[in-house]
Amino acid sequence: METRNIVIVGVGGQGSLLACNLMGRALLLEGYDAKVSEVHGMSQRGGSVVTYVRYGDKVYSPVIDTGRAELLVSFELLEAARWFELLRPGGTIVTNTGRIDPIPVIMGAAEYPDNLQGKFRQKGAIVDAIDAFTIAAEAGSQKCVNMVMMGRLSKYFPFADETWQKALEETVPARLVDMNKKAFMLGYNAKKGVI
Amino acid sequence: MKSLLLGNAAIARGAWEAGVCLASSYPGTPSTEITANIAKYDEIYTEWASNEKVAMEVAFGASLAGRRSFTGMKHVGLNVAADALFTISYTGVNAGLVCAVADEPGMHSSQNEQDSRHYARAAKVPMLEPADSQECLNFTKYGYALSEEYDTPVLIRTSTRIAHSQSIVTMSERMNPPFFQYEKNPQKYVMMPAYARERHPIVEQRILDLIKLAEDTFLNRVEMGDTKIGIITSGTCYQYVKEVFGGKASVLKLGMVYPLPSKLITSFAAKVDRLVVVEELEPFIEEHCKKLGLKVSGKDIFPICGELSQNIIADKLGVSYNDGMKIGEEIPGRPPVMCAGCSHRGLFYVLGKIKAVVLGDIGCYTLGAAPPLSAMDTTICMGSSISSLHGYVRAGGKNAVCVIGDSTFAHMGINGLINIGYNRSDCTVIIADNSTTGMTGHQENPTTGVNIKGEPCGKMDIEAVCRASGIGRVRVVDTYDLEETERVIREEMSIPEPSVIIARRPCVLLKTTKAQPPVCVDADKCIGCKMCMKIGCPAISKKESKVIINGAVCSGCGVCAQLCKFGAIGRDISQT
Ligand SMILES: Cc1ncc(C[n+]2csc(CCOP(=O)(O)OP(=O)(O)O)c2C)c(N)n1
């Protein structure tokens, strides 16, 4: 099989590390060769973060270059735009419709672009957008945005439900498993968000 | 057993499997998780050392005592440890000693882009470079055998993409830790001139022996494919090359990047039409090829600065590739910011307000240089703030202070302070003590009183250290209190005497820091002057003509409330 390329982006502090670990765990359980990159250090301080997930029969590079990702998963809308370049033509964007204003926007030095989803579509991308902040709150905590988005992302993988369940149990701290499972399921089942 | 491991975790596993008994390191992205993972193995005594030189020397001591030891650091950490490394190269080891050093092309979290391979050459010690997590484990393990067989410290070089990528690893059990009884041998271990002169030729012979090894070690391998192009590469670049070419190029993959083989490279070159070296940063392998008289492409087509990528390699070597589509819109940047409630924020607000020249250092507080605080003038390397302030003041510089974090103070800052105490200059040194090594992910350090395993241990008394260094004036302020912080800084700056201000307030992200209820804005009182936005807090933004505070982000530090002249920000306002 050809190597599959998935990019997960978000804002530092949104839990992309945990999402990465969950993804990696699931791929291992399914028996694939996989490489999963992580982000540490400076960019975690509220900066933009990007992580790469690649799997298949034999994976070489741990990074995904521009124009290569079939799936771009974004925990925050603006980040989907920032990393749009990584998407291959006709690829799918799975995004949170919620926004977190970056400091230049907060300070009034820049504007948060409007109608981003429309612009993604104009460029030929398929957009699957959900209101992950609201859904996460429903699951019990704003902090679950990562699991809501991973639940949504799981739709795009031919894995058994048990794989995700098991991977989740093995990566999330025991006392948070229930809430995270709920977030994951709510993300999976969520209605597409408003455009 | 198979597992998906981070490169850093795989190095830790390799050290464990090799029977390592001691690990001493100082954190630094992207190397930190190696030692954090080693600490999970009960069989290995693991510690955060106060700095990399100390760590290297601790590891040497353990090797001398007959136990395999490990130290890990980021590329600039090796600058600090270099003094020790260069002479441990002469003495050699007793039990195996491996040092992992993580380079950072692209500077995701670093202050420069130096290439550690130069250190291997300069110190005349072997350097291995793994290209995935499995190799991280295998090379580390093999590093110990190599270290003992050739009587040398061994460097393992990684880069961000190897250190911070997970890939599949087959693991084995821990071997019985070997033990080498220490025997007194001053000719080998006391590097005074007479003995060192005897050791130097041994080092030179060792390099010749290692070159022989390099010619046929399993670490270096040829993967013949199409012979129109032959690529010599190592580490993450090997993966990029395979990604771009698959079997459509011949590849010489080097797992040992110092010393480099000559015959292997020459014979590989003879089999291909065009020879190319693909390496990040310096033309290290390329220069070796040129010395061998080979015609080779390298930095004539690839950049020295930054990371390489599949697309750059494809582009420069004439392979077609997809370049992604731009969204065609200005995307506002999202630079890293001090967290809401960061203890450093108030300090930099005050320093900006009094327009001080701030000689800075490295840590979360370096973000004080970014707008809107914009209150830091320099960042060089760990500890430089204090020493440079002394020079600045001695040369007549006015209105200056320096800011250094607690971990950075214990790392190298302390040396500069001893110099100030000794040479007496009217310096005002500010130690931003947030009770943790924040920048690299909250490691313990000598000032926190807790060790790497989370157990209570010794605690350096910063005040006492300052006094013992000859600083008479040592004061403590709480950076959540702007008025007091400003008053104390102004006072100390005006007094012609060396002084230290400890700006003490634990990091908000620490588990031990109790969350305070968020503050909010009374819209009736807010006139939208944006005074509170001068501190660049991510919880505060403007909505229409008023300011709003995001309660989910706010940590309730109350610094913004102190800036509001209209009393519009408070904790108890119930918005009706
Ligand atoms: C020689 C060297 N070692 C390690 C690092 C990585 N590093 C940068 S800042 C820092 C420590 C910061 O801790 P502290 O001084 O307590 O400041 P904080 O981040 O907590 O504000 C480390 C380990 C480095 N830049 N240089």
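These questions and answers work through a predicted model.

Q: What makes β2(A) and strand β8 of chain B a pair?
A: Pairing needs at least two bridges between two strands. β2(A) and β8(B), residues 165-170, have 3 bridges. The two strands therefore count as paired. Their sense is antiparallel.

Q: Which residue is the bridge partner of Lys35(A) in β8(B)?
A: The partner is Ser167(B).

Q: How many residues does each chain bring to the contact between chain A and chain B?
A: Chain A brings 48 residues and chain B brings 45 residues. On the chain A side, α1 (16-29), β2 (33-37), α2 (77-82), β5 (87-96) and α3 (103-106) each supply at least two residues. β2(A) gives the most, with 5 residues.

Q: How do the residues on the side of chain A that touches chain B divide by class?
A: That side has 22 nonpolar, 14 polar and 12 charged residues.

Q: How do you know where the domains of chain B begin and end?
A: The bounds come from a domain assignment. It gives domain 1 (2-216), domain 2 (221-316), domain 3 (343-504) and domain 4 (520-570). The C-alpha centres of domain 1 and domain 2 of chain B lie 25 Å apart. Their contact takes 26 residues from domain 1 of chain B and 21 residues from domain 2 of chain B.

Q: Which element gives the most to the side of domain 1 of chain B that touches domain 2 of chain B?
A: α9(B) does, with 5 residues. By class, this side of domain 1 of chain B has 13 nonpolar, 3 polar and 10 charged residues.

Q: How do you know that the span of helix α18 of chain B agrees with what it should be?
A: The helix has 13 residues, 482-494. At 1.5 Å a residue, α18(B) should span 18 Å. Its end C-alpha atoms are 18 Å apart, so the two values agree.

Q: Why are the buried residues of α18(B) said to lie on the same side?
A: The buried residues are Leu482(B), Thr485(B), Val488(B), Ile489(B) and Glu492(B). They cover an arc of only 140° around the axis, so they fall on the same side of α18(B).

Q: What do the buried residues of α18(B) pack against?
A: They pack against several elements of chain B, including β15 (400-405), β16 (428-433) and α19 (559-563).

Q: Which exposed residues does the face of α18(B) turned away from its buried side carry?
A: That face carries Glu483(B) and Ser494(B).

Notes
Residues are numbered from 1 along each chain as its sequence is written. Chains are lettered from A and ligands numbered from 1 in the order in which they are written. This is a predicted model: local features need pLDDT of at least 70, side-chain atom pairs count only at pLDDT 80 or more; totals for chains, interfaces and linings use all residues. Two residues are in contact if their C-beta atoms, placed from the backbone, lie within 7 Å. Helices (H or I, at least four residues) and strands (E, at least two) are DSSP runs, numbered from the N terminus. Ala, Val, Leu, Ile, Met, Phe, Trp, Tyr, Cys and Pro count as nonpolar, Asp, Glu, Lys and Arg as charged, and the others, Gly among them, as polar. Domain bounds come from an automatic or database domain assignment. The expected span of a helix is 1.5 Å times one less than its number of residues. A residue is buried if 20 or more other C-beta atoms lie within 10 Å of its own, exposed if 12 or fewer, and partly exposed in between; C-beta atoms are placed from the backbone. The arc is that of the directions from the helix axis to the C-beta atoms.
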